[in-house]
Amino acid sequence: MKFRGIATAVFGMEAIVGQELKEMGFENVVVENGRVLFDADEMGIARANLWLRTAERVFILVGQFKATSFEQLFESIYALPWEQYIPKEAEFPVNAKSVKSKLFSLSDIQSICKRAIVKRMTKAYKIEWFKETAEKYSIHVGILKDEVTVSIDTSGTGLHKRGYREKGNEAPLKETLAAGLLLVSKWQPKIHLIDPFCGSGTIAIEAAMIAKNMAPGLKRSFDFEKWSWFDEATWKEARKLAQDSVKNDVDIQIEGYDIDKRSIAIARRNAELAGVDDIVHFQVRDVKDFSTKYQYGYLICNPPYGERLNELDEVKKLYTLMGKIFEPYQTWSKYIITSYEDFEKVYGSKSTKNRKLYNGRIKTYFYLYFGEKPPKTLKKD
């Protein structure tokens with residue numbers, strides 16, 4: 001089957017997701033707010049789920065139309081070819097989202113769409129009752145300014161669930177965002193990388209997975225695997241190709257530091273589960289003690305934001321300290337994500353560039369400080 005795929009993305013990451021899809025060879029890639037559309041067959045859906053590092057989920061587009069009344073919504077949903085996607089025994093929950101539209105009651109949208117789908121399938125399958133005891137097809141109805149997008153979730157749980165995070169610290173960075181920071185920074189595996197606020201190790205682990213060419217979805221399952229009409233041989237081939245692509249002879253050392261012993265213990269365990277503990281080194285270290293023997297490299301980090309008022313003074317002191325500690329390393333590039341609006345002021349220098357991103361519901365800025373370009377062959381001091 002041929003599909004129009006939808007890879008959803010958090011605000012600010014759409015272009016990165018689009019670039020990933022283009023580099024993977026997908027055609028008709030169109031970047032929009034919150035999502036990227038692309039053409040795919042069954043192998044393409046499998047590859048997108050396995051390999052996309054920065055997308056949130058992968059959907060199959062079923063239909064698009066305008067609706068300003070519940071009658072329009074019902075008739076348009078009913079007109080879609082649901083029998084091509086959903087077997088008669090399948091479970092098919094409906095989820096809805098509405099933004100700036102005349103139809104805004106999510107419970108009503110979900111109920112009306114469900115009834116329209118059931119009516120269509122009743123006609124197609126000649127049965128009145130659907131047990132919904134087999135595999136799941138999660139249907140999503142999104143309405144933006146009265147334009148309706150109807151799709152089916154192929155991923156299941158979000159793509160940030162790689163399968164390696166056994167535990168997290170109090171404020172873990174989402175895996176998809178961590179990978180996004182690495183791709184935005186244009187980090188390459190030949191460049192030494194340190195995260196001085198590594199927490200549970202997400203940035204370092206995602207970097208190691210990139211270095212090993214490890215598909216981020218290799219250690220997890222997806223909803224589409226269980227679909228009766230999805231070719232099992234295609235899925236097995238996609239997984240085998242991903243497994244065969246892993247590089248196990250990577251000559252690089254990625255480092256993560258954190259002041260918290262518990263976080264470092266969790267980071268080490270997560271790296272083992274991800275299969276990258278051979279190239280990631282975690283160490284208990286305060287940022288004030290930062291040092292490196294490498295002349296060139298990248299610092300990429302997610303320091304505390306100070307979201308609570310009583311933490312702001314401490315965070316300001318921390319950012320001022322970071323500016324002083326990192327300043328001597330002019331040949332190193334520094335990439336720092338934070339929600340603190342006056343970061344550059346307290347850090348002590350203006351960034352080369354900055355990019356607005358969302359860490360969950362928190363608006364953040366990713367500050368890029370470019371260091372001197374390293375020579376083609378990196379040398380230790």
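**Salt bridges, an enclosed helix and an unpaired buried glutamate**

Lysine 363 has a relative accessible area of 32% and is therefore partly exposed. In this predicted model, the side chain of lysine 363 forms a salt bridge with glutamate 341, the closest N and O atoms being 3.8 Å apart. The pair links distant parts of the chain, since glutamate 341 belongs to the loop between β12 (332–338) and α10 (343–347), whereas lysine 363 lies in strand β14 (residues 362–369), 22 residues apart. Glutamate 341, with a relative accessible area of 48%, is likewise partly exposed.

The search of the whole structure that identified this pair finds 16 salt bridges. Side chains of opposite charge can pair when their charged atoms come close, and two further examples are found within single helices. Lysine 240 and aspartate 244 meet through their side chains at 2.8 Å, N to O, and both lie in helix α7 (residues 232–244), where 4 residues, about one turn of the helix, separate them. Lysine 240 counts as partly exposed because its relative accessibility is 48%, whereas aspartate 244, at 52%, passes the 50% limit and so counts as exposed. The second example joins lysine 317 to glutamate 314 in a salt bridge of 3.9 Å, N to O; these two residues are 3 residues apart, about one turn, in helix α9 (residues 312–326), and both are exposed. Such spacings fit the geometry of the element: an α-helix has 3.6 residues a turn, so residues three or four places apart point the same way.

Glutamate 14, by contrast, is buried yet has no salt bridge, and the nearest side chain of opposite charge, that of arginine 355, is 6.8 Å away. Because a salt bridge requires a nitrogen of Lys or Arg within 4 Å of a carboxyl oxygen, a separation of 6.8 Å does not qualify. Glutamate 14 is found in helix α1 (residues 14–23). Leaving aside residues up to four places away in sequence, glutamate 14 touches Ala9, Val31, Glu32, Asn33, Gly34, Arg35 and Val36.

Over the whole chain, the protein has 59 positive and 52 negative side chains, and the centres of these two sets lie 2 Å apart. The accessible surface comes to about 18500 Å², with 49% of that area belonging to carbon and sulfur atoms, while 53% of the 381 residues count as buried.

Burial extends throughout helix α6 (residues 202–211), in which 10 of the 10 residues are buried, so that the helix is largely enclosed by the rest of the structure. The buried residues of α6 include Ile203, Ile205, Met209 and Ile210, together with Thr202 and Glu206. They pack against the helices α5 (175–185) and α8 (261–274) and against the strands β8 (193–195), β9 (254–258), β10 (280–284) and β11 (297–301). Just after α6, asparagine 213 takes a positive phi of about 55 degrees.

The overall architecture comprises 10 helices and 14 strands. The radius of gyration is 23 Å, close to the 21 Å that the globule rule gives for 381 residues, so the protein is as compact as a globular protein of that length. Along the principal axes, the C-alpha atoms fill a box of roughly 75 × 45 × 35 Å. Among contacts between residues at least 6 apart in sequence, 77% join residues at least 24 apart.

How values were computed. Residues numbered from 1 in each chain as written. Predicted model: local features only at pLDDT ≥ 70, side-chain atom pairs only at ≥ 80, totals over all residues. Heavy atoms only, no water. Rg over C-alpha atoms; globule rule 2.2 N^0.38 Å. Buried < 20%, exposed > 50% of the residue type's maximum accessible area, 1.4 Å probe, protein only. Contact = heavy atoms within 4.5 Å. Areas by Shrake-Rupley, 256 points an atom, 1.4 Å probe, with all protein chains shown as cover. Lys, Arg positive; Asp, Glu negative; His and termini not counted. Charge placed at Lys NZ, Arg CZ, Asp CG, Glu CD.
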